[in-house]
Each structure stands twice: as structure tokens, then as C-alpha cells.
Amino acid sequence: MKIDAITIFPEYFAPLQLSLLGKAQESGLLSINVHDLRAHTTDVHHTVDDAPYGGGAGMVMLADVWGNAIDGVLHDDADLIILTPAGRRFDQQMAEELSHAKRLIFACGRYEGIDDRVREHYSQTQYADRNIRVREVSIGDYVLGGGEVAAMVMIESITRLVPGVLGNPLSLAEESHNEEGYLEYPNFTRPKEWRGLEVPDVLLSGNHGAIATWRSSQARERKDTNSN
Ligand code: SAM
């Protein structure tokens, strides 16, 4: 899978070099390239924004600069993800769907966001015919200062589903947020007793049937307590 992220703060993406994602890039399973939007400006001040038509607070990011940056990384068969709190809510099902994508491009907004003509332009038939899909995506119902953190949330949850990225693929079985809205049971490890708290006896019993029954009842209980 190839991933491009466009931002005015490329440094934000440094953590993607760590842990499993760092290893997956070293092994060639993933390629993640971060691009500085300001490299696509045409004036001496490297301007990326201007006041909104119609008035109002804040600044809007320039369609022209974004168009140049996106054109520089656009390939056939790609998903262009425009991050915005007004987008479709990201969830595990979307992560699963996008884990099969060949190429993901993340457009990270700042200020009041990106001139809407960028979304409109890349949604035209000439791009659809090249299998280029535009998605406006929100990672949740709150407003961040920029799309960088949102892009990293998406990249981490999507890429861990790409075969070979996780050391043990069985970790993906019985995970929280599957299609049935399952939430995983609580987990414990050594020691058996910690600060007066004991590991539930059933987990020490060696009785796999009883353990499975206990875990599914705990998972149901968690769903009742923690589901929004
Ligand atoms: N004025 C916009 C609004 O009310 O919808 C909010 C702009 S926000 C301050 C700046 C940028 O942060 C957005 O363009 C987007 O890229 C990113 N952003 C903020 N919240 C987000 C969220 N929940 N999901 C995805 N991206 C978000």
C-alpha cells in the first residue's frame, strides 16, 4: 500500500517511523510519503490561505496550491481523503474497507479548512473514470486544530489490517468494533495478584469452554456499559 499525506506541518508525521509501521516501511509492505504543501506555493511568502468569500472568521486554504500538491501525487486507483470534522465518521468498517486500497492520499486541512472546489474538482467524472474516489472523512464529533492527527489515526488503524503488518495476525481476531459492534473482554497477565486485586479464577482454570463463556459474557457486559 502506498500512502501520501499533504500538510503544512510534515514534522507531525514523525511517529509513523516507529514500531510496527516503521518496520512495515522498512520491509517494503508500506510506503508512506509526507509532502509539504508550501512546496507547491508560487509566491515568495509561500501563502497557503486567504480570507473567506462571504466574510466570517478565519482563513481558507487555497484551491490552487492544493490542486498543485494533489496533482503531484495523484495516480489511478486511489482514494483521496479530505479530512474534515464535517465528513463521514471514520470507524473500523471504513478502516477495513480502506485496508484493501492500493493508494491513499490524505489532505490535511488547517484554519477553516480547504476551499471546497478541491473536493468538487477531484469528484468529477474524469477522475472517477480513473478510479479516483474522493472521501470527506471525520475521525469523530469534535474539532481538531488540523488534519494531521486525524490522518495518523486513520493510517495506524488502516495499515494494521494490511496482511503482514502485525507480527501475529491472530491479534486481529475477536477485536473490538467488528461488524456486530463487539467490544473485547478484559485481559490480564502476571502477577496473579496485584495491589490486592486477583485475576478471575476462571482464567487460571485451564477450562477453555468456561474461559470462552466467561469472556463472551464480559464482552456483552462491556458493550452494555460502554457503547455510546
Ligand atoms: N471550520 C471547520 C469546521 O467547523 O468544520 C473546522 C476546521 S479545523 C479547525 C481545521 C482542520 O482540522 C480541518 O480542515 C480538518 O482537516 C482538521 N480536522 C479538525 N477536526 C477534524 C475531525 N474531527 N476529523 C478530521 N479532521 C479534522
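This text walks through the nonpolar cores, the ligand site and one buried arginine.

The model is a predicted one. Start with the interior. In soluble globular proteins, nonpolar side chains tend to be buried together. Here the largest nonpolar core holds 30 residues. Leu104, Phe106, Met154 and Ile158 have the most contacts inside that core. Several elements give two or more residues to this core: strands S1 (2–7), S5 (78–89) and S6, with helices H1 (19–26), H3 (92–98) and H6 (147–159). Helix H6 provides the largest share, six residues.

Leu104 shows how this part of the chain packs. Residues up to four places away in sequence are set aside here. Leu104 then touches Met1, Lys2, Ile3 and Asp4, among others. Its further partners include Asp79, Ile81, Leu98 and Ile158. Another core lies apart from the largest one. This other core has 21 residues, among them Ala78, Ile105, Ile114 and Ile132.

Now turn to the ligand. It is surrounded by 19 residues. The closest are Leu83, Glu112, Ile139, Tyr142 and Leu144. Two of these also place polar backbone atoms by the ligand. A backbone N or O atom of Leu83 is 2.8 Å from a ligand oxygen atom. For Leu144, a polar backbone atom is 2.9 Å from a ligand nitrogen atom. Gly146 adds a backbone N or O atom at 3.4 Å from an oxygen atom of the ligand. Taken alone, the ligand exposes 590 Å², and the protein buries 82% of that.

Which elements give two or more residues to the shell around the ligand? They are S5, strand S7 (132–138) and H6. S5 gives the largest share of the shell, three residues. S5 and H6 also each give two or more residues to the largest nonpolar core. By class, the shell has nine nonpolar, eight polar and two charged residues.

Finally, look at Arg110. Arg110 sits in the loop between strand S6 (103–107) and helix H4 (117–122). Is Arg110 buried or exposed? Arg110 counts as buried because its relative accessible area is 15%, and the cut-off for buried is under 20%. Its side chain makes a polar contact of 2.9 Å with the side chain of Glu148. Glu148 is also among the residues in contact with Arg110 once neighbours within four places in sequence are left aside. The others in that set are Ile8, Phe9, Tyr12, Met61, Gly145 and Gly146. Gly146 thus links back to the ligand site, where its backbone N or O atom lies 3.4 Å from a ligand oxygen atom.

Notes. Residues are numbered from 1 along each chain as its sequence is written. This is a predicted model: local features need pLDDT of at least 70, side-chain atom pairs count only at pLDDT 80 or more; totals for chains, interfaces and linings use all residues. Side-chain values use heavy atoms; hydrogens and water are left out. Helices (H or I, at least four residues) and strands (E, at least two) are DSSP runs, numbered from the N terminus. Buried means under 20% relative accessible area, exposed over 50%, partly exposed in between (1.4 Å probe, protein chains only). A polar contact is a pair of N or O atoms within 3.5 Å; within protein, one must be able to donate a hydrogen and the other to accept it, and residues adjacent in sequence count only if both atoms are side-chain atoms. Contact means heavy atoms within 4.5 Å. A nonpolar core is a set of buried Ala, Val, Leu, Ile, Met, Phe, Trp, Tyr and Cys residues joined through side-chain atoms within 4.5 Å. A residue is near a molecule or strand if one of its heavy atoms lies within 4 Å of it. Accessible areas come from the Shrake-Rupley method with a 1.4 Å probe; for residues, only the protein chains shown count as cover. Ala, Val, Leu, Ile, Met, Phe, Trp, Tyr, Cys and Pro count as nonpolar, Asp, Glu, Lys and Arg as charged, and the others, Gly among them, as polar.
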